[in-house]
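Trainee: May we go through this model together, beginning with its strands and ending with its empty spaces?

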Amino acid sequence: MTHHPVEKTSLTLLGLGAMGTALARTWLTAGHPLTVWNRTPARAAALAAEGATVAESAADAVAANALVVVCLLDDPSVQDVLTGTDLTGKDLVNLTTGTPAQARARAEWTRTRGARYLDGGIMAVPPMIGGAQPGGYVLYSGSRELFEEHEQTLRVPAGTRYVGEDAGFAALHDVALLSAMYGMFAGAAHAFALIRKEDVDPATFAPLLADWLVAMAPAVHQTADQLRSGDYTKGVVSNLAMQVAGIPTFLRTAEQQGVSTELLSPYFALMRRRLAEGSGEEDLTGLIDLLVH
Ligand code: FVH
């Protein structure tokens, strides 16, 4: 029996920054014919040596393939690059980080130019692209047909998670997840600050911190359950009243260690506000309602 190699989809990639270059390498390695373009042409040289076709202009790069992926700095750079290209009949996948509103506007802009649109939010740093470091994936939203048609190709750099037809949803999930990450980094920064001037090795402390954050992470499932049911007292283990009673300990310790409370104080203020509303038996879930205008 003769085996015919499966033909790999050819595609175009606009933008060869740190992320674009990592993406490009995975498609080349997997045998996808790839046309690339970058504003600064020198960044394409290494990829050309690895088999990429380098287009003279963004318009030429778009013309080369039906599937066009963009990974640029921000939405204005996407506008700069795509202006003057002919998108008629193309499938545009935009992996540039932006707001949900920008993604929705870009989807409409693309539709009026006769193309299908898929927005992507990359939940990975460049070393996670191509599987060298595990855990990375890309959120997608927008045209379901486009996603399903090209999923095999899109799955080459990282896992895929399709989150809905609303083009803004990938960006919404992306920003929500990254916001949680910054909250975690803020907590970690405060923790390291507390031990900074003591005889505690940060390298010894780090595994304790990482394990603790991992142990606490599943609490988000209880939060989701409480938000769904509307009952913020459901399954409460450590209620708000008890936690607010502990706040002076955190503030005094920070003061004694010579550490600013500017990262923690806004959260403590919300906890106290919610308690003042008579929600002492609740979990911390009620704070979410204080944030939403
Ligand atoms: N790198 C990361 O860790 C994060 C991980 C999560 C997702 N982000 C987002 O990915 C987009 C691209 O990020 P990047 O890391 O590739 O960024 P840079 O290395 O800074 O490359 C930027 C590329 O954009 C081109 N560019 C910028 N402005 C323009 C413009 N006005 N016209 C044309 N191209 C433009 C730039 O070209 P050049 O400077 O080489 O000429 C690069 O190709 C981004 O949305 C992250 O948030 C990455």
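Mentor: We may; please keep in mind that the model is predicted. A suitable place to begin is β5, where V93 is the bridge partner of V69.

Trainee: How many bridges join β4 to β5, and in which sense do they run?

Mentor: One pair of partners is V69 and V93 in β5. That pair belongs to two strands that run parallel, and the number of bridges joining β4 to β5 is four.

Trainee: Which residue in β4 stands opposite T12?

Mentor: Strand β1 covers residues 11–14 and pairs with β4 in the parallel sense over four bridges. Within β4, L67 and V69 point one way while V68 and V70 point the other way, and all of them are buried. The residue opposite T12 is V68.

Trainee: What is the bridge partner of L13 in β2?

Mentor: β1 also pairs with strand β2, residues 34–37, over four bridges in the parallel sense. Both faces of β1 are covered, with L11 and L13 buried on one side and T12 and L14 buried on the other. In β2, the partner of L13 is V36.

Trainee: Which are the edge strands of the sheet?

Mentor: The sheet is open, has eight strands with mixed pairing, and follows the order β3-β2-β1-β4-β5-β6-β7-β8. At one end, strand β7 (residues 137–142) is joined to β8 by four bridges and the two run parallel, with V138 partnered by T160 in β8. The strands that pair on one side only are β3 (53–54) and β8 (159–162).

Trainee: Why does D91 count as buried?

Mentor: D91 lies in strand β5, residues 91–94. A residue is called buried when its relative accessible area is under 20%. D91 therefore counts as buried, since its relative accessibility is 7%.

Trainee: Which side chain does D91 join through a polar contact?

Mentor: Leaving aside neighbours within four places in sequence, D91 is in contact with A66, L67, V68, R116, L146, E149 and H150. The polar contact between side chains spans 2.9 Å, and the partner of D91 in it is H150.

Trainee: Which element gives the largest share of the lining of the largest cavity?

Mentor: The structure holds one cavity of 30 Å³ or more, and the space in the largest cavity is about 60 Å³. Its lining includes D75, N94, Y117 and D119, and by class it divides into two nonpolar, six polar and three charged residues. The largest share, three residues, comes from α5.

Trainee: Which element gives the most to the lining of the second largest pocket?

Mentor: The second largest pocket has a volume of about 580 Å³. Of the 26 residues that line it, G17, C71, L72, L73 and S77 are the closest to its centre. Elements giving two or more residues to this lining are α1 (18–29), α4 (75–82) and α7 (169–195). The one that gives the most, with four residues, is α4.

Trainee: How many charged residues does the lining of the second largest pocket have?

Mentor: Sorted by class, the lining of the second largest pocket has 14 nonpolar and eight polar residues. The number of charged residues in that lining is four.

How values were computed: Residues numbered from 1 in each chain as written. Predicted model: local features only at pLDDT ≥ 70, side-chain atom pairs only at ≥ 80, totals over all residues. Heavy atoms only, no water. 1 Å grid on protein atoms, 1.4 Å probe; cavity = no way out; pocket = protein on both sides within 12 Å on 5 of 7 lines; lining within 4 Å. Points joined across faces, edges and corners; volume = space filled by probe spheres on them. Nonpolar A, V, L, I, M, F, W, Y, C, P; charged D, E, K, R; others polar. Buried < 20%, exposed > 50% of the residue type's maximum accessible area, 1.4 Å probe, protein only. Polar contact = N/O pair within 3.5 Å; in protein donor to acceptor, adjacent residues only side chain to side chain. Contact = heavy atoms within 4.5 Å. Pairing = 2+ DSSP bridges.
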